[in-house]
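Work through the exercises below with the sequence and the model open. Each task is followed by a solution in steps.

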Amino acid sequence: MKVNIRKISERTGFSPATVSNALNHKRGVNKDTAAEIIKTAKEMGYVMETGITKIKLVIYRDRGVIVGDTPFFSLVVDGFEKACREAGYEMVLFNLDRHAEDYQKQVDNLLLDSSTAIVLYGSELTDEEAAVFRKARTPFLMLDYWNHDMSFAGVFINNADAARMAGEYLINKGHREIGYLKGEYRLKSFGSRSVGLQIALQKHGLELKPEYIVTLPVTMDEAYQEMRKYLKRKPKLPTAFFADNDNLALGAMQALKECGYKIPEDVSIIGFDDLPFCEIAVPRLTSLRVPKQELGRLAVREIVEMIQGKNATKTKIQICTEFIERDSVYDLNQRKYAGIG
């Protein structure tokens with residue numbers, strides 16, 4: 001016999017209206033009540049009838065310099081699209097520009113639409129702007145963004161742990177003067193990477209010296225141009241840099257080479273993201289690989305479970321990076337063993 005809302009109502013003792021609201025994630029139902037109803041519905045084999053057939057990937061843009069036509073972004077979207085298709089949902093790509101004249105109207109329409117699940121790609125999102133999305137009336141997930149607000153489920157990268165790993169790697173290679181190529185456009189992910197690097201340094205009694213912090217634009221060409229200007233001042237350089245992303249690392253590396261520095265013998269560099277360019281750079285860039293397609297796939301998996309009522313609990317999932325060792329880091333221990341330096 002088919003399980004319906006009336007039967008769930010009879011089993012739980014809650015009114016059919018309350019059961020319907022809980023199963024469709026509508027506001028106004030006590031959290032514990034909703035959890036009990038959903039648990040009972042699962043036990044009884046109830047099939048959710050939300051009517052949702054589309055998942056909207058909302059691309060939030062502030063400056064558009066991070067989220068755009070880049071290999072990283074394209075691969076995330078590719079994984080997202082394939083996962084939607086495999087799960088039987090249509091993917092809708094929606095660009096949300098904070099500086100658009102009708103921005104607020106677009107946000108209001110998104111929040112009122114209960115027919116489409118939303119995954120918000122929030123790399124450029126601020127905490128202030130994120131707060132308005134608490135009003136969403138549909139299954140809602142944050143991608144590549146996090147804060148301490150428990151209102152949102154989310155999937156994001158383990159930025160701090162990954163950067164700490166990079167710092168530990170440099171220290172194990174004998175580096176004690178370690179610098180930071182800092183993206184001038186401060187994303188939350190960049191802030192977490194900075195924290196992770198400093199945790200590694202502090203663990204070994206080291207510090208991130210202000211004179212070793214170089215702030216650069218976040219596009220490769222602009223990072224290259226700004227690094228060249230910086231190097232013309234003949235600054236004292238650390239033996240190694242950790243960069244907020246590969247664009248900064250690759251741009252800075254090219255500037256260093258043109259200014260007469262040997263990579264990695266004079267200056268070592270580690271990037272973040274592992275873009276395809278890392279493998280063909282000279283020298284090949286050591287980087288932290290983000291599983292980009294899996295990031296998109298995992299977001300779809302989580303939002304589908306929310307649509308189907310299988311997961312009523314807010315969860316934040318960190319996706320782990322992989323350390324890809326190439327040729328851009330010099331082992332200073334070799335000099336010590338050889339009695340050099």
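**Exercise 1. A salt bridge and its setting**

Which side chain meets that of D274 in a salt bridge with an N to O distance of 2.6 Å? Place both partners in the chain and classify their accessibility.

Solution. The model is predicted, and every value here is computed from it.

Step 1. The partner is R289, whose side chain meets that of D274 at 2.6 Å, N to O.

Step 2. R289 lies in strand β10 and D274 in the loop between β9 and α11, so this salt bridge ties together parts that are 15 residues apart in sequence.

Step 3. Buried means under 20% relative accessible area, and partly exposed lies between that and 50%. D274, with a relative accessible area of 7%, is therefore buried. R289 has 32% and is therefore partly exposed.

**Exercise 2. From pairs to a network**

Find a salt bridge between R326 and D274, then one between E279 and R284, and state which residues belong to the network.

Solution.

Step 1. The side chains of R326 and D274 form a salt bridge with an N to O distance of 2.8 Å. This pair links distant parts of the chain, 52 residues apart: R326 sits in the loop between β12 (322–324) and α13 (332–337), and D274 in the loop between β9 and α11.

Step 2. R326 has a relative accessible area of 11%, so R326 is buried.

Step 3. E279 and R284 also meet through their side chains in a salt bridge, at 2.8 Å, N to O. E279 is partly exposed at 38% relative accessible area, and R284 is partly exposed at 30%. Through shared partners, salt bridges join D274, E279, R284, R289, E322, R326 and D327 into one network.

Step 4. For the whole structure, a search finds 18 salt bridges.

**Exercise 3. The surroundings of L288**

Is L288 buried or exposed? Describe what surrounds this residue.

Solution.

Step 1. L288 is part of strand β10, residues 287–289.

Step 2. The relative accessibility of L288 is 0%, so L288 is buried.

Step 3. Leaving out residues up to four places away in sequence, L288 touches A162, A163, M165, A166, F242, G271, F272, D273, D274, T321, E322 and F323. Two members of the salt-bridge network, D274 and E322, are among these contacts.

Step 4. L288 and E322 are 34 residues apart along the chain, yet their C-alpha atoms are separated by 5.6 Å.

**Exercise 4. Backbone exceptions**

Locate two cis peptide bonds and two residues other than glycine with a positive phi.

Solution.

Step 1. Recall the usual case: most residues other than glycine have a negative phi, and most peptide bonds are trans.

Step 2. I263 and P264 are joined by a cis peptide bond with omega about 10°. P264 falls in the loop between α10 (246–258) and β9 (268–270).

Step 3. Another cis peptide bond joins V282 and P283, with omega about -5°. P283 falls in the loop between α11 (277–280) and β10.

Step 4. K234 has a positive phi, near 55°. Its place is the loop between α9 and β8 (240–243), and K234 is exposed, with a relative accessible area of 67%.

Step 5. D274 has a positive phi as well, near 60°. In contrast to K234, which is exposed, D274 is buried.

**Exercise 5. Charge on the surface and in the whole chain**

Which residues form a negative surface patch? Set the patch beside the totals for the chain.

Solution.

Step 1. The patch consists of E184, D221, E222 and E226.

Step 2. E222 belongs to helix α9, residues 220–231. With 44% relative accessibility, E222 counts as partly exposed.

Step 3. The protein chain carries 48 positive and 46 negative side chains, and the centres of the two sets lie 3 Å apart.

**Exercise 6. The chain as a whole**

Summarise the secondary structure, extent, burial and contacts of the chain.

Solution.

Step 1. The chain has 13 helices and 12 strands, and the C-alpha trace spans about 80 × 45 × 35 Å along its principal axes.

Step 2. Of the 341 residues, 51% are buried. The accessible surface comes to about 16400 Å², with 49% of this belonging to carbon and sulfur atoms.

Step 3. Among contacts with a separation of 6 or more, 73% are between residues 24 or more positions apart.

Terms used:
Residues are numbered from 1 along each chain as its sequence is written. This is a predicted model: local features need pLDDT of at least 70, side-chain atom pairs count only at pLDDT 80 or more; totals for chains, interfaces and linings use all residues. Side-chain values use heavy atoms; hydrogens and water are left out. Patches are made of residues with over 30% relative accessible area and no salt bridge: like charges are joined within 9 Å, nonpolar side chains (Val, Leu, Ile, Met, Phe, Trp, Tyr) within 5 Å. Accessible areas come from the Shrake-Rupley method with a 1.4 Å probe; for residues, only the protein chains shown count as cover. A salt bridge is a side-chain nitrogen of Lys or Arg within 4 Å of a carboxyl oxygen of Asp or Glu. Lys and Arg count as positive and Asp and Glu as negative; His and the chain ends are not counted. The place of a charge is taken as NZ of Lys, CZ of Arg, CG of Asp or CD of Glu. Helices (H or I, at least four residues) and strands (E, at least two) are DSSP runs, numbered from the N terminus. Buried means under 20% relative accessible area, exposed over 50%, partly exposed in between (1.4 Å probe, protein chains only). Contact means heavy atoms within 4.5 Å.
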